[in-house]
Each structure stands twice: as C-alpha cells, then as structure tokens.
Amino acid sequence: MPRDISNIVILTGAGISAESGVATFRGPDGLWEGHRVEDVATPEAFAHDPDLVQAFYDARRAKLKTVEPNAAHRALAKLDAQWPGELLLVTQNVDDLHERAGSERLLHMHGELGSAWCLGCDARSPFDGLMAEGPACPVCRQPGQLRPDIVWFGEMPYEMERIERALARCDLFVSIGTSGAVYPAAGFVQTARYHGARTLEMNLNPSEGSFHFHESRMGRAGELVPGWVEDLLRENADERT
Ligand code: OAD
C-alpha cells in the first residue's frame, strides 16, 4: 500500500455523473432541470404540490435508463475491486451509475431514485416506474402512499453513523464533483482532516470548501479520476514488491 494509506473514503456529487449526461443540481442558471431546488426537493414542496414533485422525480428516474456510467464511475469501481484496505464510496447522487459500473462498497447518503418509501407502512422497496400514477406499495398494498426515497432538504441523510466512523478511520479522503454547498457532506473534509487524513479534491472548479483540502485538482472527473486511480494502484503494487 502507498505509505500511510490504508483506509479510503471517497465522496462523490453530481459532477461525477455530468459526463454521463445527468444534470448537476446547480446548473449555470442556478436551477435543477428548470426548477428551484426548494420547489422539488423539500418536504414542504411535496406537501404543497405532490403531483409536481412526483412528476419531477419520475422524469429523473426515466432518464436513468438513457444514460451510462462514465470513465470516472468505472475507475472508482476498479479501485473498489482492487484496493486491499478499507474503502467506502459515499455518494450524494440519487442515480445508480456507481453500482452499474460495479462499485460495491457504496452508500447513497441522499437516497436513490430506484427506491420507494411508503408513507403508509414505512417500508422501502426497489422501484422502477411512475409514482405519479399512485401505484400500490409492494409491501402493504396501499395505493398512493409511495414517495421518492430521496433525502430532501431538512431531512436527515442516511447512514451518518457509518460515514462518521469511516471518516474517523480513513487515511485519505477524496471529494469528486461536488460543489461543497450542502451539509453535512460539505463538512466531511474537516472531519477527515481532524482525524489526520490527507485530503484531495477533484472538481471542474474550486468547491466552496476548496481551501480545506491539502490538494485540489481541477478538471473533468472522467479525465482526472482514472489517472488518479491508476497511480494509487501502481504505488500500492510498487510498495508490495
Ligand atoms: P452540485 O450541482 O451542487 O455541484 C456539482 C459540482 O460538480 C460543481 O462544483 C461543478 O463544478 C462540478 N462538475 C460539473 N461537471 C463536472 C465534471 N465533468 N467533472 C467534475 N466536476 C464537475 O451537486 P452536488 O454538490 O452533488 O441534495 O449537490 C449536493 C446536493 O445538493 C445534492 O445531493 C442534492 C442537491 O440539492 C439533495 O437533494 C438533498
């Protein structure tokens, strides 16, 4: 293993899926696919206009069928398969491109488009259809009770304890394609540094918390990430021989 690096935590955001054709959250116009984030990604928006919110996520879910993982997703899957130490890939993305590329040590802290949460019985189930049509929950059979299993603003991200434990143990924290605008993910770099990790950011342009990182590499994820993964795996192999 490269000297001093055994445990790795990687945080990804919308930027890693941009080259696959999935829109980032904060586009040049400040909108997400033409909507203000507050109008589609809050519990208040869902209470106020459930049809709009369901139609919005139905469209995002349908779009997933038209996109493919890119070189950055594939490189992280290769790292996952070959890295002998601990590794946790934490994604803020609700698409399924990391798993389709082959990543296994992965968690979705902001939920998944491919999951439904039943407000009737609280079950979460795989989902691949149109929620706006009010389908029945596969567990309790009640119709019209499903909502996207997405963490909206004001809701608690998933698996925070597991993430905090991994951050406290990691030797290297890497952030890829995230604007660093949304907490708690934006604070992971500080937690990792507090526990002694080296920190690296790869993004198209400096994120809001760029100054917290030991190193920042600017460019497209599809170009930066494969090279970084190859270097890390080569250094690891060199040190073992
Ligand atoms: P953003 O849209 O805020 O930021 C995406 C980042 O990726 C920006 O800093 C871009 O510069 C960068 N980027 C764009 N294309 C890239 C490329 N090809 N290679 C590398 N970087 C690129 O998305 P997130 O930071 O993921 O939360 O947003 C965080 C959270 O805010 C989301 O998970 C979502 C959103 O509202 C919830 O829904 C709770």
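## Ligand contacts

A backbone N or O atom of Ala14 sits 2.8 Å from an oxygen atom of the ligand. The model is predicted, and this distance, like the others here, is computed from it. Two side chains also reach ligand oxygen. His110 places a polar side-chain atom 2.7 Å from an oxygen atom of the ligand. In Asn205, an N or O atom of the side chain is 3.0 Å from a ligand oxygen atom. On its own, the ligand has 800 Å² of accessible area, and the protein covers 93% of that.

Which residues around the ligand come nearest? They are Glu19, Arg26, His110, Thr178 and Ser179, out of 23 residues around the ligand. His110 is thus on this list and also makes the 2.7 Å approach described above. By residue class, the shell holds nine nonpolar, 11 polar and three charged residues.

## The six-stranded sheet

Six strands form an open sheet with parallel pairing. Their order is β3-β2-β1-β7-β8-β9. The edges are β3 (106-108) and β9 (215-218), and each of them pairs on one side only. On average, neighbouring strands of this sheet are turned by 15 degrees against each other, direction ignored.

Within the sheet, β1 (residues 8-12) pairs with β2 (residues 87-91). Five bridges join these two strands in the parallel sense. Thr12 has Thr91 of β2 opposite it. Helix α7, residues 160-169, packs on this sheet. The helix touches β1, β2, β3 and β7 (172-176). Its direction makes about 130 degrees with that of β2.

## The three-stranded sheet

A second open sheet has three strands, in the order β5-β4-β6. Here the pairing is antiparallel. The edge strands are β5 (124-126) and β6 (146-150), each pairing on one side only. Neighbouring strands are turned by 45 degrees against each other on average, direction ignored. Strands of a sheet pair through backbone hydrogen bonds, in either a parallel or an antiparallel sense.

How many bridges join β4 to β6? There are five, between strands that run antiparallel, with β4 spanning residues 111-118. One residue pair can be named: Trp117 has Arg147 in β6 as its bridge partner. Helix α4 (residues 50-64) packs on this sheet and touches β4 and β6. The direction of α4 makes about 60 degrees with that of β6.

## Backbone details in two loops

Two loops hold backbone features to check in the viewer. Is the peptide bond from Tyr183 to Pro184 cis or trans? The bond is cis, with omega near 10 degrees. Pro184 lies in the loop between β7 and α8 (188-194).

The other feature is at Arg141. Phi of Arg141 is positive, near 75 degrees, in a residue other than glycine. Arg141 belongs to the loop between β5 and β6. These two strands are the edges of the three-stranded sheet.

How values were computed:
Residues are numbered from 1 along each chain as its sequence is written. This is a predicted model: local features need pLDDT of at least 70, side-chain atom pairs count only at pLDDT 80 or more; totals for chains, interfaces and linings use all residues. Side-chain values use heavy atoms; hydrogens and water are left out. Two strands pair if DSSP finds at least two bridges between them. Helices (H or I, at least four residues) and strands (E, at least two) are DSSP runs, numbered from the N terminus. Axes are lines fitted to C-alpha atoms, for helices over the stretch in contact, and angles run from 0 to 180 degrees between N-to-C directions. Contact means heavy atoms within 4.5 Å. A residue is near a molecule or strand if one of its heavy atoms lies within 4 Å of it. A polar contact is a pair of N or O atoms within 3.5 Å; within protein, one must be able to donate a hydrogen and the other to accept it, and residues adjacent in sequence count only if both atoms are side-chain atoms. Accessible areas come from the Shrake-Rupley method with a 1.4 Å probe; for residues, only the protein chains shown count as cover. Ala, Val, Leu, Ile, Met, Phe, Trp, Tyr, Cys and Pro count as nonpolar, Asp, Glu, Lys and Arg as charged, and the others, Gly among them, as polar.
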